[in-house]
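Student: I would like a close look at a single part of this protein, with the terms explained as they come up. Please take one strand and work outwards from there.

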Amino acid sequence: MQNRDETVIDTQVHPLKTLTPAQFMALGGSAVAFVRPISGDEVNTLLSEEGFEPDGLYHLVMSADGTPLMVADTREAVDEWLSDRNLGLVALH
């Protein structure tokens with residue numbers, strides 16, 4: 001087992017974090033999506049809409065370039081919506 005020096009901090013920024021929306025599109029940003037949990041309060045702020053329960057938990061589908069695509073209250077609704085689209089889904093960890 002290797003011992004790592006936990007005090008060393010990697011200050012190098014990953015290149016994907018600095019891409020512009022146009023660069024993401026060139027990489028297929030419009031064909032890749034990710035799903036993340038989001039609170040109703042965040043949805044109301046992000047989409048400038050009301051009607052989502054502030055304490056509710058929702059599922060936000062976003063394209064790789066950060067464009068919100070849809071919000072659902074169940075993962076099943078997201079899966080159904082995605083099944084009709086030609087999108088690659090990225091798992092976040």
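Tutor: What follows starts with the whole model, then turns to strand S2 and its surroundings.

This is a predicted model, in which local features need pLDDT of at least 70 and side-chain atom pairs count only at pLDDT 80 or more, while totals for chains, interfaces and linings use all residues. Residues are numbered from 1 along each chain as its sequence is written, and side-chain values use heavy atoms, with hydrogens and water left out.

The pLDDT is the predictor's confidence in each residue, from 0 to 100. Its mean over the protein is 77, and 72% of the residues reach 70 or more. Among the elements, S3 has the highest mean pLDDT, 91, and strand S4 (residues 88–90) the lowest, 63.

The protein has three helices and four strands, in the order α-β-α-β-β-α-β along the sequence. Helices (H or I, at least four residues) and strands (E, at least two) are DSSP runs, numbered from the N terminus.

Now to S2, which covers residues 57–63 and contains His59. Six of the seven residues of S2 are buried. Buried means under 20% relative accessible area, exposed means over 50%, and partly exposed lies in between (1.4 Å probe, protein chains only). In the protein, 22% of the 93 residues count as buried.

S2 has strand partners in S1 and S3. Two strands pair if DSSP finds at least two bridges between them. S1 and S2 run antiparallel and are joined by seven bridges; Ser39 stands opposite Leu57 in S2. S2 and S3 are also paired in the antiparallel sense, over four bridges. Within this second pairing, Leu60 has Val71 in S3 as its bridge partner, and Val61 stands opposite Met70 in S3. S2 and S3 form a hairpin with four residues between them, and Gly66 in the turn has a positive phi of about 95 degrees.

His59 is a useful residue to follow within S2. His59 counts as buried because its relative accessibility is 18%. A contact means heavy atoms within 4.5 Å. Leaving aside neighbours within four places in sequence, His59 is in contact with Val35, Arg36, Ile38, Met70, Val71, Ala72, Asp73, Thr74, Arg75 and Val78. One of these, Ala72, touches Tyr58, His59, Ala77 and Val78, again not counting residues up to four places away in sequence.

Ala77 is found in helix H3. With 30% relative accessibility, Ala77 counts as partly exposed. The C-alpha atoms of Ala77 and His59 are separated by 9.1 Å, and the two residues are 18 residues apart along the chain. Beyond neighbours within four places in sequence, Ala77 is in contact with Met70 and Ala72.

The next topic is the nonpolar cores. In soluble globular proteins, nonpolar side chains tend to be buried together. A nonpolar core is a set of buried Ala, Val, Leu, Ile, Met, Phe, Trp, Tyr and Cys residues joined through side-chain atoms within 4.5 Å. The largest one here consists of eight residues: Ala33, Val35, Val61, Met70, Ala72, Val78, Trp81 and Leu82. Strand S1 (32–39), strand S3 (68–72) and helix H3 (75–83) are the elements that give two or more residues to this core. H3 supplies the largest share, three residues. A second, separate core has six residues, including Phe34, Ile38, Val43 and Tyr58.

Helix H3 also holds a charged pair. Side chains of opposite charge can pair when their charged atoms come close. A salt bridge is a side-chain nitrogen of Lys or Arg within 4 Å of a carboxyl oxygen of Asp or Glu. One salt bridge is found in a search of the whole structure. Asp79 forms a salt bridge with Arg75, and their closest N and O atoms are 3.1 Å apart. Both residues lie in H3, four residues apart, about one turn of the helix. Asp79 counts as partly exposed because its relative accessibility is 39%, and Arg75 counts as partly exposed at 34%.
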